[in-house]
Amino acid sequence: MAQSFNNIIRFNKKIYPDKAVLSSIEAFKHLARFQVKHEGDYIIVTLSQINPAVKDIVKEEFSNYVLAKIKTD
Amino acid sequence: MSKTNIMFSLDPQVYPLGAIYNTAYNFIDRAYLFLDGKGNPIKNIMVTIKPKPADVKINLAELKEEFFNELLDNVLRYQITQENKTIREFIIGTALLGSLGKLNPSEEFFTNVESLTKELTRAGREAEVENGEEEKIPDKESTFDDPLGITIPWEEKFQPKKR
(Lines give C-alpha, C1' and ligand atoms only; values in the text may rest on other atoms or scores of the structure.)
Protein backbone atom coordinates (compact mmCIF):
# COMPACT_ATOMS: atom_id res chain seq x y z
CA MET A 1 0.00 0.00 0.00
CA ALA A 2 1.13 3.49 -0.73
CA GLN A 3 1.75 4.83 2.74
CA SER A 4 2.91 1.70 4.53
CA PHE A 5 6.55 0.90 4.24
CA ASN A 6 7.96 -2.21 5.90
CA ASN A 7 6.10 -2.34 9.16
CA ILE A 8 5.24 1.32 9.36
CA ILE A 9 1.84 2.83 8.60
CA ARG A 10 1.41 6.59 8.23
CA PHE A 11 -2.13 7.70 9.01
CA ASN A 12 -3.04 11.23 8.00
CA LYS A 13 -4.59 12.92 11.04
CA LYS A 14 -7.04 14.83 8.90
CA ILE A 15 -8.47 11.55 7.61
CA TYR A 16 -7.88 9.09 10.43
CA PRO A 17 -8.93 10.36 13.89
CA ASP A 18 -6.63 9.49 16.82
CA LYS A 19 -9.45 7.71 18.56
CA ALA A 20 -10.04 5.27 15.70
CA VAL A 21 -6.33 4.44 15.42
CA LEU A 22 -5.88 3.93 19.15
CA SER A 23 -8.97 1.77 19.58
CA SER A 24 -7.86 -0.34 16.60
CA ILE A 25 -4.47 -0.87 18.24
CA GLU A 26 -6.32 -2.06 21.31
CA ALA A 27 -8.14 -4.62 19.15
CA PHE A 28 -4.97 -5.79 17.35
CA LYS A 29 -2.53 -5.76 20.25
CA HIS A 30 -2.61 -9.54 20.56
CA LEU A 31 -1.24 -9.86 17.01
CA ALA A 32 1.73 -7.51 17.16
CA ARG A 33 3.51 -4.91 19.19
CA PHE A 34 2.46 -1.37 18.27
CA GLN A 35 4.35 1.86 18.68
CA VAL A 36 2.63 5.18 18.03
CA LYS A 37 4.35 8.43 17.20
CA HIS A 38 2.93 11.79 16.10
CA GLU A 39 4.83 13.51 13.32
CA GLY A 40 3.27 16.66 11.91
CA ASP A 41 0.04 15.75 10.18
CA TYR A 42 0.65 12.03 10.59
CA ILE A 43 0.21 9.34 13.18
CA ILE A 44 3.05 6.88 12.64
CA VAL A 45 2.23 3.36 13.71
CA THR A 46 5.10 0.88 13.82
CA LEU A 47 4.40 -2.81 14.09
CA SER A 48 6.91 -5.27 15.50
CA GLN A 49 6.90 -8.80 16.88
CA ILE A 50 4.10 -9.66 14.48
CA ASN A 51 2.41 -13.01 14.93
CA PRO A 52 3.88 -15.13 12.06
CA ALA A 53 0.42 -16.46 11.15
CA VAL A 54 -0.76 -12.98 10.13
CA LYS A 55 2.46 -11.25 9.14
CA ASP A 56 1.46 -10.86 5.46
CA ILE A 57 -1.90 -9.26 6.06
CA VAL A 58 -1.82 -7.61 9.46
CA LYS A 59 -0.92 -4.11 8.20
CA GLU A 60 -3.64 -4.03 5.59
CA GLU A 61 -6.20 -5.62 7.89
CA PHE A 62 -5.26 -3.09 10.54
CA SER A 63 -5.78 -0.17 8.10
CA ASN A 64 -9.16 -1.58 7.08
CA TYR A 65 -10.10 -1.96 10.72
CA VAL A 66 -9.26 1.70 11.38
CA LEU A 67 -11.50 2.73 8.46
CA ALA A 68 -14.31 0.59 9.83
CA LYS A 69 -13.81 2.15 13.27
CA ILE A 70 -14.22 5.65 11.82
CA LYS A 71 -17.53 4.63 10.32
CA THR A 72 -18.89 2.72 13.31
CA ASP A 73 -17.68 4.95 16.18
CA MET B 1 -1.16 1.56 -11.91
CA SER B 2 0.76 -1.33 -10.41
CA LYS B 3 -0.25 -4.97 -10.65
CA THR B 4 -1.34 -5.53 -7.09
CA ASN B 5 -3.10 -2.31 -6.26
CA ILE B 6 -4.72 0.71 -7.78
CA MET B 7 -4.32 4.29 -6.66
CA PHE B 8 -6.25 7.41 -7.57
CA SER B 9 -7.01 10.81 -6.12
CA LEU B 10 -10.32 12.42 -5.26
CA ASP B 11 -11.19 16.07 -4.79
CA PRO B 12 -12.86 16.50 -1.37
CA GLN B 13 -14.75 19.51 -2.77
CA VAL B 14 -16.53 17.13 -5.13
CA TYR B 15 -16.51 13.98 -3.00
CA PRO B 16 -16.97 14.82 0.70
CA LEU B 17 -14.86 12.85 3.16
CA GLY B 18 -17.99 11.40 4.78
CA ALA B 19 -19.05 9.89 1.46
CA ILE B 20 -15.54 8.51 0.89
CA TYR B 21 -15.56 6.86 4.33
CA ASN B 22 -18.90 5.21 3.61
CA THR B 23 -17.76 3.96 0.21
CA ALA B 24 -14.50 2.62 1.61
CA TYR B 25 -16.45 0.87 4.35
CA ASN B 26 -18.56 -0.92 1.74
CA PHE B 27 -15.41 -2.31 0.12
CA ILE B 28 -13.45 -3.51 3.12
CA ASP B 29 -14.76 -7.05 2.87
CA ARG B 30 -13.30 -7.40 -0.66
CA ALA B 31 -10.23 -5.20 -0.63
CA TYR B 32 -7.70 -3.39 1.50
CA LEU B 33 -8.18 0.35 1.38
CA PHE B 34 -5.95 3.15 2.46
CA LEU B 35 -6.61 6.88 2.39
CA ASP B 36 -4.12 9.69 2.46
CA GLY B 37 -4.41 13.41 1.97
CA LYS B 38 -2.32 16.02 0.24
CA GLY B 39 -2.27 19.66 1.20
CA ASN B 40 -3.38 21.57 4.25
CA PRO B 41 -6.37 21.81 4.12
CA ILE B 42 -6.57 18.62 2.11
CA LYS B 43 -6.92 19.29 -1.60
CA ASN B 44 -6.64 15.71 -2.77
CA ILE B 45 -7.53 12.45 -1.09
CA MET B 46 -5.42 9.59 -2.35
CA VAL B 47 -7.23 6.25 -2.35
CA THR B 48 -5.31 3.00 -2.60
CA ILE B 49 -7.22 -0.21 -3.21
CA LYS B 50 -5.61 -3.63 -3.05
CA PRO B 51 -7.74 -6.74 -3.57
CA LYS B 52 -7.66 -9.26 -0.75
CA PRO B 53 -5.65 -12.46 -1.39
CA ALA B 54 -8.86 -14.41 -2.10
CA ASP B 55 -9.80 -11.90 -4.80
CA VAL B 56 -6.44 -11.46 -6.56
CA LYS B 57 -7.96 -12.32 -9.93
CA ILE B 58 -10.31 -9.39 -9.67
CA ASN B 59 -9.91 -6.75 -12.36
CA LEU B 60 -8.46 -3.63 -10.73
CA ALA B 61 -9.98 -1.26 -13.29
CA GLU B 62 -13.41 -2.78 -12.69
CA LEU B 63 -12.91 -2.45 -8.96
CA LYS B 64 -12.10 1.23 -9.42
CA GLU B 65 -15.19 1.78 -11.55
CA GLU B 66 -17.31 0.01 -8.96
CA PHE B 67 -15.79 2.22 -6.29
CA PHE B 68 -16.71 5.36 -8.23
CA ASN B 69 -20.28 4.19 -8.78
CA GLU B 70 -20.65 3.44 -5.10
CA LEU B 71 -19.03 6.77 -4.30
CA LEU B 72 -21.58 8.66 -6.38
CA ASP B 73 -24.35 6.87 -4.56
CA ASN B 74 -22.83 7.84 -1.22
CA VAL B 75 -22.29 11.45 -2.26
CA LEU B 76 -25.98 11.70 -3.05
CA ARG B 77 -26.92 10.13 0.29
CA TYR B 78 -24.53 12.50 2.05
CA GLN B 79 -26.01 15.55 0.32
CA ILE B 80 -29.57 14.52 1.13
CA THR B 81 -28.60 13.91 4.76
CA GLN B 82 -27.02 17.37 4.98
CA GLU B 83 -29.94 19.10 3.26
CA ASN B 84 -32.51 17.42 5.47
CA LYS B 85 -30.57 17.78 8.71
CA THR B 86 -32.45 20.88 9.87
CA ILE B 87 -35.84 19.47 8.95
CA ARG B 88 -35.03 16.19 10.73
CA GLU B 89 -33.94 17.98 13.88
CA PHE B 90 -37.02 20.15 13.73
CA ILE B 91 -39.37 17.17 13.39
CA ILE B 92 -37.71 15.29 16.26
CA GLY B 93 -37.72 18.45 18.37
CA THR B 94 -41.42 19.12 17.84
CA ALA B 95 -42.22 15.45 18.47
CA LEU B 96 -40.33 15.56 21.78
CA LEU B 97 -42.01 18.81 22.81
CA GLY B 98 -45.36 17.28 21.89
CA SER B 99 -44.65 14.31 24.14
CA LEU B 100 -43.93 16.73 26.99
CA GLY B 101 -47.31 18.35 26.45
CA LYS B 102 -45.72 21.63 25.36
CA LEU B 103 -46.87 21.60 21.78
CA ASN B 104 -48.14 24.96 20.62
CA PRO B 105 -47.22 25.74 17.00
CA SER B 106 -47.97 29.44 17.47
CA GLU B 107 -45.02 29.82 19.84
CA GLU B 108 -41.96 31.75 18.71
CA PHE B 109 -39.59 28.84 19.23
CA PHE B 110 -41.15 26.94 16.35
CA THR B 111 -39.56 29.32 13.89
CA ASN B 112 -36.06 27.86 13.97
CA VAL B 113 -34.14 24.87 15.24
CA GLU B 114 -31.92 26.78 17.69
CA SER B 115 -34.78 28.29 19.64
CA LEU B 116 -36.60 24.97 19.47
CA THR B 117 -33.56 23.19 20.96
CA LYS B 118 -33.38 25.76 23.76
CA GLU B 119 -37.07 25.37 24.48
CA LEU B 120 -36.73 21.61 24.39
CA THR B 121 -33.90 21.67 26.93
CA ARG B 122 -35.86 24.03 29.17
CA ALA B 123 -39.05 21.96 28.91
CA GLY B 124 -37.11 18.77 29.63
CA ARG B 125 -35.62 20.24 32.81
CA GLU B 126 -39.04 21.54 33.86
CA ALA B 127 -40.60 18.12 33.34
CA GLU B 128 -37.85 16.49 35.42
CA VAL B 129 -38.47 18.92 38.27
CA GLU B 130 -42.26 18.45 38.04
CA ASN B 131 -41.94 14.70 38.19
CA GLY B 132 -39.28 14.89 40.89
CA GLU B 133 -37.03 12.87 38.66
CA GLU B 134 -33.29 13.02 38.78
CA GLU B 135 -30.94 11.02 36.73
CA LYS B 136 -30.60 7.78 38.60
CA ILE B 137 -28.13 5.07 37.80
CA PRO B 138 -29.49 1.78 39.09
CA ASP B 139 -27.03 0.10 41.37
CA LYS B 140 -26.84 -3.55 42.21
CA GLU B 141 -28.40 -2.96 45.62
CA SER B 142 -31.63 -1.56 44.16
CA THR B 143 -32.79 -4.78 42.58
CA PHE B 144 -35.61 -5.00 40.07
CA ASP B 145 -37.64 -7.91 38.79
CA ASP B 146 -35.82 -10.02 36.23
CA PRO B 147 -37.90 -13.21 35.92
CA LEU B 148 -36.37 -14.11 32.52
CA GLY B 149 -32.81 -13.63 33.72
CA ILE B 150 -32.03 -11.06 31.03
CA THR B 151 -29.37 -9.35 33.10
CA ILE B 152 -27.45 -12.58 33.71
CA PRO B 153 -24.35 -12.70 31.46
CA TRP B 154 -24.28 -15.38 28.78
CA GLU B 155 -21.23 -17.03 30.32
CA GLU B 156 -22.91 -17.45 33.68
CA LYS B 157 -26.10 -18.77 32.09
CA PHE B 158 -24.74 -21.28 29.56
CA GLN B 159 -21.14 -22.08 30.38
CA PRO B 160 -20.83 -25.68 31.61
CA LYS B 161 -20.01 -25.81 35.26
CA LYS B 162 -16.50 -26.96 36.13
CA ARG B 163 -16.31 -30.06 38.19
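Strand 2 and strand 3 of chain B form a hairpin with five residues between them. In the turn, B:G39 has a positive phi of about 95°. The model is predicted, and every value here is computed from it.

## The sheet of chain B

The two hairpin strands run antiparallel and are joined by eight bridges. One partnership in this pairing links B:K38 to B:N44 of strand 3. Strand 3 of chain B also pairs with strand 1, residues 6–10. That pairing is antiparallel too, with five bridges. Here B:F8 has B:V47 of strand 3 as its bridge partner.

How many residues of strand 3 of chain B are buried? Six of the eight are, so the strand is largely enclosed by the rest of the structure.

The wider layout of chain B is quickly told. The chain has four helices and three strands. From the N terminus, the order is β-α-β-β-α-α-α. Of its 163 residues, 29% are buried. Among contacts in chain B with a separation of 6 or more, 56% are between residues 24 or more positions apart.

## A buried threonine in helix 1

B:T23 sits in helix 1 of chain B. Is this residue buried or exposed? Its relative accessibility is 0%, so B:T23 counts as buried. Buried means under 20% relative accessible area.

The side chain of B:T23 makes a polar contact with the side chain of B:N74, at 3.0 Å. Beyond its neighbours within four places in sequence, B:T23 is in contact with B:F67, B:E70, B:L71 and B:N74.

## Where chain B meets chain A

The size of an interface is often given as the accessible area lost when the parts come together. Chain B and chain A bury about 2,000 Å² between them. Carbon and sulfur atoms carry 64% of that area. Which residues of chain B lose the most area to chain A? They are B:Y21, B:Y32 and B:F34, which together make up 33% of what that side buries.

In residue terms, 22 residues of chain B are in contact with 22 residues of chain A. Polar contacts also cross the interface: there are 12 residue pairs, with both residues at pLDDT 80 or more. Three elements of chain B give two or more residues to the side that touches chain A. They are helix 1 (17–27), strand 2 (31–38) and strand 3 (44–51). Strand 2 of chain B supplies the largest share, seven residues. By type, this side of chain B divides into 14 nonpolar, five polar and three charged residues.

## Salt bridges

Side chains of opposite charge can pair when their charged atoms come close. The whole structure holds eight salt bridges over all chains. Two salt bridges are counted between chain B and chain A. The table gives some of the pairs, with the separation of the closest N and O atoms.

| Salt bridge | N to O distance |
|---|---|
| A:E60 and B:K50 | 3.0 Å |
| A:D41 and A:K14 | 3.7 Å |
| A:D56 and A:K55 | 3.6 Å |

Take the pair between chains. A:E60 lies in helix 2 (residues 58–72) of chain A and B:K50 in strand 3 of chain B, so the pair joins two chains. Its two ends can be compared by accessibility. A:E60 is buried, with a relative accessible area of 8%. B:K50 is partly exposed, at 22%.

Next comes a pair within chain A. A:D41 lies in the loop between strand 3 (33–39) and strand 4 (42–48) of chain A. A:K14 lies in the loop between strand 2 (8–12) and helix 1 (18–28) of chain A. The salt bridge therefore ties together parts that are 27 residues apart in sequence. A:D41 is partly exposed at 32% relative accessibility. A:K14 is partly exposed as well, with a relative accessible area of 36%.

The remaining pair in the table is A:D56 with A:K55. Is A:D56 buried or exposed? A:D56 is exposed, with a relative accessible area of 61%.

## Strand 3 in summary

Strand 3 of chain B recurs throughout this account. This strand pairs with strand 1 and with strand 2 of the chain. It is largely enclosed, with six of its eight residues buried. Strand 3 is also among the elements that give two or more residues to the side of chain B touching chain A. Finally, B:K50 in this strand forms a salt bridge with A:E60.

Conventions. Residues are numbered from 1 along each chain as its sequence is written. Chains are lettered from A and ligands numbered from 1 in the order in which they are written. This is a predicted model: local features need pLDDT of at least 70, side-chain atom pairs count only at pLDDT 80 or more; totals for chains, interfaces and linings use all residues. Side-chain values use heavy atoms; hydrogens and water are left out. Contact means heavy atoms within 4.5 Å. Buried area is the accessible area (1.4 Å probe) that two parts lose on being put together, summed over both. A salt bridge is a side-chain nitrogen of Lys or Arg within 4 Å of a carboxyl oxygen of Asp or Glu. A polar contact is a pair of N or O atoms within 3.5 Å; within protein, one must be able to donate a hydrogen and the other to accept it, and residues adjacent in sequence count only if both atoms are side-chain atoms. Ala, Val, Leu, Ile, Met, Phe, Trp, Tyr, Cys and Pro count as nonpolar, Asp, Glu, Lys and Arg as charged, and the others, Gly among them, as polar. Buried means under 20% relative accessible area, exposed over 50%, partly exposed in between (1.4 Å probe, protein chains only). Two strands pair if DSSP finds at least two bridges between them.
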